[in-house]
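User: Hey, can you walk me through this one?

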Amino acid sequence: SVRLLRERAHLKLFCDVDEKVHKKRLTDFYSWKGLSKEEICKLISSRAEDEYELIRRDKAHADIVVTSD
């Protein structure tokens, strides 16, 4: 995350969604957009490599962590 944004925020929330739920939401969304199952799997894999670890690190900076099933 961006330190400047964290410092300026009065309240920092992190939504911690179960991995299976997150994957289902992404699959449903991208299916709705017309992507094939193969395209969706590739997209989810590439996002896992590029984005998810960075996002998970933000959890440590949260004032409140909201969990979702």
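Analyst: Sure, we'll look at a helix pair and then a pocket. It's a predicted model, where local features need pLDDT of at least 70, side-chain atom pairs count only at pLDDT 80 or more, and totals for chains, interfaces and linings use all residues. Residues are numbered from 1 along each chain as its sequence is written, and side-chain values use heavy atoms, with hydrogens and water left out.

User: At what angle do α2 and α3 cross?
Analyst: Roughly 130 degrees, and the axes of α2 (residues 19-32) and α3 (residues 37-58) come within 10 Å. Axes are lines fitted to C-alpha atoms, over the stretch in contact, with angles from 0 to 180 degrees between N-to-C directions.

User: Which residues make the contact?
Analyst: From α2 you get H22, K23, L26, T27, Y30 and S31, and from α3 I40, L43, I44, R47 and Y52. Contact here means heavy atoms within 4.5 Å.

User: OK, new topic: which residues lie nearest the centre of the largest pocket?
Analyst: V17, E19, H22, Y52 and R56, out of 16 lining residues.

User: And which element gives the largest share of that lining?
Analyst: That's α3, with six residues. The elements giving two or more are β1 (13-17), α2 and α3.

User: How big is the pocket's volume?
Analyst: About 450 Å³.

Note on methods: Helix = DSSP H or I, 4+ residues; strand = E, 2+ residues; numbered from the N terminus. 1 Å grid on protein atoms, 1.4 Å probe; cavity = no way out; pocket = protein on both sides within 12 Å on 5 of 7 lines; lining within 4 Å. Points joined across faces, edges and corners; volume = space filled by probe spheres on them.
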